[in-house]
Amino acid sequence: VQVVESGGGLVQPGGSLTLSCAASGNIFSIWAMGWYRQVPGKQRELVAHVTTDGSTKYADSAKGRFTISRDNAKNTVYLQMNSLKPEDTAIYYCNLDGLVTTIEAYDDYWGQGTQVTVSS
């Protein structure tokens, strides 16, 4: 399975970014696709996830500013981030929760991560 993340970068406070994560390979199903983030010295934390049926979960810090969406046919998840703050600066990791391939099943499968920096 390949996981390709894109969309990270440098943005000014108050700006917007959209992260994309596309999974490919011998995928049978993925229960939830989502994004986590991590800063040095802290644990990786959930930002948002969306399940196969469209149910979403957001961290309190993301509610009202971030929107997660998913294209099941393309095994792709998007995270639209608005009103970004310096404290949103982190490495953002794509997560596949409940990934089932034709060969194996995974509780969690991770992308490589993409850097988001919010700074003036």
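Hi everyone. Let's start with one residue, Tyr92. If we set aside its neighbours within four places in sequence, Tyr92 is in contact with Glu5, Leu19, Trp35, Tyr36, Arg37, Val47, Phe66, Met81, Gly113, Thr114 and Val116. Before we go on, please remember that this is a predicted model.

So what is Tyr92 part of? The largest nonpolar core has 27 residues, and Tyr92 is among the four that touch the most other members, together with Trp35, Leu79 and Met81. Which strands give two or more residues to this core? They are S3 (17-24), S4 (27-38), S5 (45-51), S7 (66-71), S8 (76-81), S9 (90-101) and S11 (114-118). The largest share comes from S9, with five residues.

Let's stay with S9 and look at its partners. S9 and S10, which covers residues 105-110, run antiparallel and are joined by five bridges. One pair to find on your screen is Val100, whose bridge partner in S10 is Ala105. Between these two strands there is a hairpin, and three residues make the connection. S9 also runs antiparallel to S11, this time with three bridges. Here our friend Tyr92 comes back, standing opposite Thr114 in S11.

S9 has another feature to show you, a disulfide. How many disulfides does the model have? The count comes to one. Cys21 and Cys94 form it, with their sulfur atoms 2.0 Å apart. The torsion about the S-S bond of this pair is about -80°, so the disulfide is left-handed. Cys21 sits in S3 and Cys94 in S9, so the pair ties together parts that lie 73 residues apart in sequence. Are these two cysteines buried or exposed? Both Cys21 and Cys94 are buried.

Now let's move to a sheet. Four strands form an open sheet in the order S1-S3-S8-S7, and the pairing is antiparallel. Which strands stand at the edges? S1 (2-6) and S7 do, each with a single partner strand, so one side of each has no neighbour in the sheet. From one strand to the next, the twist averages 15°. If you zoom in on S7 and S8, you will find six bridges, again in the antiparallel sense. In that pair, Ser69 stands opposite Tyr78 of S8.

While we are at S8, have a look at Thr76, which belongs to this strand. Why does Thr76 count as buried? Its relative accessibility is 7%, and the cut-off for buried is under 20%. Not counting residues up to four places away in sequence, Thr76 touches Cys21, Ala22, Met33, Ser69, Arg70 and Asp71. Notice Cys21 in that list, the disulfide partner of Cys94. The side chain of Thr76 also has a polar atom 3.0 Å from the backbone oxygen of Lys74.

Next, two residues in loops. Asn75 lies in the loop between S7 and S8, and Ser83 in the loop between S8 and S9. What do their backbones have to show? Phi of Asn75 is near 50°, a positive value in a residue other than glycine. Phi of Ser83 is near 50° too, and again the residue is not glycine. As background, most residues other than glycine have a negative phi. Ser83 is partly exposed, with a relative accessible area of 42%.

Our last stop is S11. This strand has a covered face, made of Thr114, Val116 and Val118, and an uncovered face with Gln115 and Thr117. We have met S11 as a partner of S9, but S11 also pairs with S2, residues 9-11, in the parallel sense over three bridges. In that pairing, Leu10 stands opposite Thr117.

Finally, Val118, which lies in S11. With a relative accessible area of 4%, Val118 is buried. What surrounds this residue? Leaving out residues up to four places away in sequence, Val118 touches Val11, Gln12, Pro13, Leu84, Lys85, Pro86, Asp88 and Thr89. Take Pro86 from that list: Val118 and Pro86 are 32 residues apart in sequence, yet their C-alpha atoms are 4.7 Å apart in space.

That is the tour. If you want to retrace it, begin again at Tyr92 in the core, go on to the disulfide of Cys21 and Cys94, and finish with the two faces of S11. Thanks for listening!

Key
Residues are numbered from 1 along each chain as its sequence is written. This is a predicted model: local features need pLDDT of at least 70, side-chain atom pairs count only at pLDDT 80 or more; totals for chains, interfaces and linings use all residues. Side-chain values use heavy atoms; hydrogens and water are left out. A nonpolar core is a set of buried Ala, Val, Leu, Ile, Met, Phe, Trp, Tyr and Cys residues joined through side-chain atoms within 4.5 Å. Buried means under 20% relative accessible area, exposed over 50%, partly exposed in between (1.4 Å probe, protein chains only). Contact means heavy atoms within 4.5 Å. A disulfide is a pair of cysteine sulfur atoms within 2.5 Å. Two strands pair if DSSP finds at least two bridges between them. A polar contact is a pair of N or O atoms within 3.5 Å; within protein, one must be able to donate a hydrogen and the other to accept it, and residues adjacent in sequence count only if both atoms are side-chain atoms. Axes are lines fitted to C-alpha atoms, for helices over the stretch in contact, and angles run from 0 to 180 degrees between N-to-C directions.
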